[in-house]
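Work through the exercises below with the sequence and the model at hand. Each task is followed by its solution.

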Amino acid sequence: MKDHILESRKFVIGGIALIIVVTYIIRLAFLQLMSEDYKTYADSNAFLNKVLYPSRGGIYDRNGTLLVYNQPAYDIMVVMREVSGLDTLDLCRTLGMTREEFDSRMSVIKDKNKNPGYSTYTQQLFVGQIPAEEFSVFQEKLFRFRGFYVRERAIRRYRYPHAAHVLGDVAEVSPADIESDEYYQSGDYVGKQGVERSYEKYLRGEKGVEVLLRDARGRIQGHYKNGEKDRRPVPGKNVTLSIDLELQKLGERLMEGKKGSIVAIEPKTGEVLCMVSAPTYDPRLMEGKQRGKMMAKMGRDPLKPMINRAVLGTYPPGSTFKTSQALTFLQEGIITASTAYPCSHGFRFGRLKVGCHGHAAPLPLQPAIATSCNGYFCWGLYYMFGNRKKYSTVQDAMTRWKDYMVSMGFGYKLGIDLPSEARGMIPNAQYYDKAYRGSWSGLTVVSISIGQGEVLLTPLQIANLGATIANRGYYVTPHVVKHVEGAQLADSLLKKHTTMVDSKYYEYIVGGMRKAVTGGTCRAADNSMYEVCGKTGTAQNPHGKDHSAFMGFAPMNDPKIAIAVYVENGGWGANYGVPLGALMMEQYINGKLSPESERKAEEFQHKHVSYGLSSESRPILVSKNREEKKTATDDNSGSE
């Protein structure tokens, strides 16, 4: 008689054994077919994928002068799984580092938060950008340090101590860089500022790879399949800037000992001819391993040399802004070229007074521009905002006014091909409704007509205003790159923007700016070789001495250059703005300065402006303040 209990146990035990065998088979199949871990481990024993880095593209000025190039350097890489029997002290002595630095670097490499994608099988950057002369000592001892390898790289070199804010620099990638772009891995380098950052994808090129075979002891035996799987790197593309190096040099020289900016634009193309931000720094200080220390040092400098004031500094434009007001009033029919307004040392209405310097009055439009009459433009705004035949409310008038300003390139970022740009400030009706609880008029905001009050522009926007007037009503998006090897510039950089004002009205403004040079506030800009048009600006500063500004272009009927000069706390526009602008235009149009102009340049180079170190004397930058103003300026027709 069969023992049914024994029979049942036999089936149960057999079933358990079968389940175990199937589980092992499934697990083995998963490890071999699905999981990359063992494959990676096996491949790492048999192969070494050696990344070949491309040569980064060079950067040239508009005349073909090489500004940025590469110099051979080396990275020391480590494969953690292969490190054994390491004489740590010998390695530290060879590389000139302390044991603490060694431990810190190893800790960072193993930290997946600081080093995303870390693997013990793959090469990790241990020390980067070692110059050739220092590398030779390490190379002699490389055989002693199992698990350490050498990777050929390049150090970015900057030939001249100029244009730091335009050129930018490169540094090791951050975790955010790696996460945002699969091209990068730990130890790679990426453009961090300026053109190096905004044209990174052109400059960096494409990586290559060599697949090398190892023997059982990890020694390299040669190329896998005779190099069939290798891929050569593709060099980065060369970039030609629109910057004129000689003009940039002169601008930086003239701005020594001063805070502010000079921006020059070729009107017809929108190409930026120079972009000076003062104080500046030598881009060569940002090369290689010293970058971190220099960043920290300049970050502590109270004059903030790292800030590109040309695109990030926002200032009251002062009287340079009056040209935009005249254009608006002409187009809206508020004035004609012959309209004259009184100016009794300023604008007076009841107890309200906006001061002005002494000059003949009343004046029509062009003499008002030439003498920079405050009264004229205050009256123009008063009559525009009070015209109930055209606008049913002051809010409607304000909206119409703001639309003109936006069409001229104010209140928005212009879209320059640099990684950072401020938008400035153009107030709108909602802003004033909130500030004055809905009870305000043209008299309340009359100061905006002379570039004061809430109006803030960047030096780039002021220079762009000059280019727009020079073109009689349009501008091309300002850009600092003229050409990328084998590629087209983005359409947005070549876009032509037409303002809301007819070109015929620009001729009146051009005439007024010409009169300012021949017999008005810009006489110091006059040049017998070509006709200069200009407009001064003296921007009031409640925290100290007024800011000195100039906006102009030349020659009058065939404009080659439009320029804005802004010197913080420089006083009258004629003190610094006009003479510096005149020297810059002469340098670009003639290719050099005359002996007399050279003497003036020397004089201004050594003529410094005294600054306190309080934050109040610095330009208004992107801040919480700006975020508040951003909300106030948003509406359907205007700013971002």
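The model is predicted.

**Exercise 1.** State which residues are linked into a cluster by ring pairs.

Solution. The cluster consists of Y341, F347, F349, Y376, F377, W379, Y382 and Y383. For context, the whole structure holds 21 aromatic pairs.

**Exercise 2.** Classify the ring pair of Y576 and F604, and place both residues in the chain.

Solution. A pair of aromatic rings is described by the distance of the centres and the angle of the planes.
- Step 1: the centres of the Y576 and F604 rings are 6.1 Å apart, and pairing requires centres within 6.5 Å.
- Step 2: the planes of Y576 and F604 stand at 70°; an angle over 60 degrees counts as edge-to-face, so the pair is edge-to-face.
- Step 3: Y576 is in the loop between β20 (561-567) and α20 (577-590), while F604 is in helix α21 (residues 595-605). The two are 28 residues apart, and the pair links distant parts of the chain.
- Step 4: Y576 and F604 are both buried.

**Exercise 3.** Find the charged residues placed over the rings of Y576 and Y183.

Solution. K607 lies over the face of Y576, 4.9 Å from the ring centre. Over the ring of Y183 sits the charged end of R204, at 4.0 Å from the centre.

**Exercise 4.** Which members of the largest nonpolar core touch the most other members?

Solution. The core has 99 residues, and the answer is V195, L241, M275, F385 and W401. Beyond four places in sequence, the contacts of V195 include I59, V166, L203, L241 and V480. Another core, of 36 residues, lies apart; L273, F550, I561 and V567 are among its members.

Methods. Residues are numbered from 1 along each chain as its sequence is written. This is a predicted model: local features need pLDDT of at least 70, side-chain atom pairs count only at pLDDT 80 or more; totals for chains, interfaces and linings use all residues. Side-chain values use heavy atoms; hydrogens and water are left out. Rings of Phe, Tyr and Trp (its six-membered ring) pair if their centres lie within 6.5 Å; planes under 30 degrees apart count as stacked, over 60 as edge-to-face and the rest as tilted. Helices (H or I, at least four residues) and strands (E, at least two) are DSSP runs, numbered from the N terminus. Buried means under 20% relative accessible area, exposed over 50%, partly exposed in between (1.4 Å probe, protein chains only). A charge sits over a ring if NZ of Lys or CZ of Arg is within 6 Å of the ring centre and within 35 degrees of the ring normal. A nonpolar core is a set of buried Ala, Val, Leu, Ile, Met, Phe, Trp, Tyr and Cys residues joined through side-chain atoms within 4.5 Å. Contact means heavy atoms within 4.5 Å.
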